[in-house]
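Please work through the following exercises with the sequence and the model at hand, and try each task before reading its solution.

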Amino acid sequence: MAAMKHDCFARGRGDHGLMTIADSLPRLLAVSDLHVGMRDNRRLVEALRPSSEGDWLIVAGDVAELADDVAWGLRRLTERFARVIWTPGNHELWTHPEDRVQLRGVARYEYLVDLCRSLRVSTPEDPYLRWDGRGGPAVIAPVFSLYDYSFRPSGMTRQESLVWARAAGIVCTDEFLLDPAPYPGVEEWCAARVEVTERRLAALDADVPLILAGHWPLVREPTEVLWHPEFAQWCGTTRTADWHSRFRAAAVVYGHLHIPRTTWQDGVRFEEVSIGYPREWQARGHPRGHLRQILPFSHEHGMAAVHAPETSGIA
Ligand SMILES: [Fe+2]
Ligand SMILES: [Fe+2]
């Protein structure tokens with residue numbers, strides 16, 4: 001990167017000092033957990049800007065709880081970024097008592113997909129987009145895989161792990177607000193999502209690198225640093241544990257944990273790209289910036305950083 005700065009004509013000052021032609025070329029960026037229902041986060045989103053007119057942005061869930069707030073956040077982003085790609089988080093899927101949209105479960109998800117399409121935002125239900133900019137080509141697959149409590153400690157039944165979480169006072173709000181209808185439980189919805197997504201991923205051209213982007217981590221290792229290990233059971237499914245290898249991912253994007261960092265799993269880069277709650281980011285800041293660069297990959301942007309030791313327990 002330093003060599004590039006010498007090679008390129010300086011055009012102005014950016015976040016990292018001199019802005020170069022390379023810096024102003026389109027990038028594939030990612031963010032998650034905007035939580036724009038919170039005033040300080042809404043201000044932060046108001047201030048988000050691409051560095052190039054051609055930048056694409058992956059939004060990996062938890063834009064907000066209320067449908068109108070989700071629409072507000074995504075609309076702001078579509079006004080600024082050339083493409084916006086969304087996948088739901090648990091907060092979008094809540095049926096919040098204050099929301100004018102009282103749809104539940106799959107019907108709520110389908111409402112959100114329609115909302116996204118009206119804003120020209122790509123969803124897990126749309127054809128996967130192909131990034132042909134710098135660092136490409138790559139297919140971008142927004143995935144909605146949910147969770148099934150299988151990240152609970154081994155040897156514990158689902159019921160025992162819930163009792164364990166309740167005793168610690170760490171129960172995800174999903175238990176009260178995320179309705180899996182018409183499925184009998186989140187486990188069944190998760191199984192259906194995994195099955196349909198696997199079929200699509202298996203049909204992709206194996207020669208084009210893949211960017212997998214979901215709200216919940218596809219592997220359980222990122223949950224090992226949770227301050228409250230009881231929360232891990234709401235954070236993913238073991239059914240996706242081999243997706244990054246099996247589908248030859250060039251990078252995996254996720255959020256939900258509110259622990260922004262870069263890790264590596266079987267040689268694949270995993271990027272936790274969350275903004276998080278004001279009480280979290282106002283304490284630690286966003287030393288890596290608000291938007292994570294996925295492509296082109298550079299070690300400058302991919303270095304492991306910010307290992308926050310704590311999550312809220314309700315992500
Ligand atoms: Fe979340
Ligand atoms: Fe979140």
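**Exercise 1.** In this predicted model, determine how many residues the largest nonpolar core has and which of them have the most contacts inside it.

*Solution.* The largest nonpolar core of the model, which is a predicted one, has 72 residues. Those with the most contacts inside this core are Ile-58, Val-59, Ile-211, Leu-212, Ala-213 and Val-253. Turning next to the contribution of strands, one finds that strand S9 (residues 249-254) gives the most to this core, namely five residues. As a last step, take Leu-212 and leave aside its neighbours within four places in sequence: its contacts are then Ala-141, Val-143, Leu-218, Trp-243, His-244, Ala-249 and Val-252.

**Exercise 2.** Establish the strand order of the open sheet that four strands form, and describe its pairing.

*Solution.* The order is S5-S4-S3-S12, with mixed pairing. Strand S5 (83-86) and strand S12 (292-295) are the edge strands, since each pairs on one side only, and the twist from one strand to the next averages 30 degrees. Within the sheet, S3 (residues 28-31) and S4 (residues 56-59) are paired in the parallel sense over four bridges, and Leu-28 has Trp-56 as its bridge partner in S4. Helix H4 (residues 67-78) lies across S4 and S5, and runs at about 150 degrees to S5.

**Exercise 3.** Decide whether Tyr-111 is buried, exposed or partly exposed.

*Solution.* Tyr-111 belongs to helix H6 (residues 105-118). Because 15 other C-beta atoms lie within 10 Å, whereas a buried residue needs 20 or more and an exposed one has 12 or fewer, Tyr-111 is partly exposed. Leaving aside neighbours within four places in sequence, Tyr-111 is in contact with Val-101 and Leu-103.

Terms used:
Residues numbered from 1 in each chain as written. Chains lettered and ligands numbered in written order. Predicted model: local features only at pLDDT ≥ 70, side-chain atom pairs only at ≥ 80, totals over all residues. Pairing = 2+ DSSP bridges. Helix = DSSP H or I, 4+ residues; strand = E, 2+ residues; numbered from the N terminus. Axes fitted to C-alpha atoms, helices over the stretch in contact; angles between N-to-C directions. Contact = placed C-beta atoms within 7 Å. Core = buried A, V, L, I, M, F, W, Y, C linked by C-beta atoms within 7 Å.
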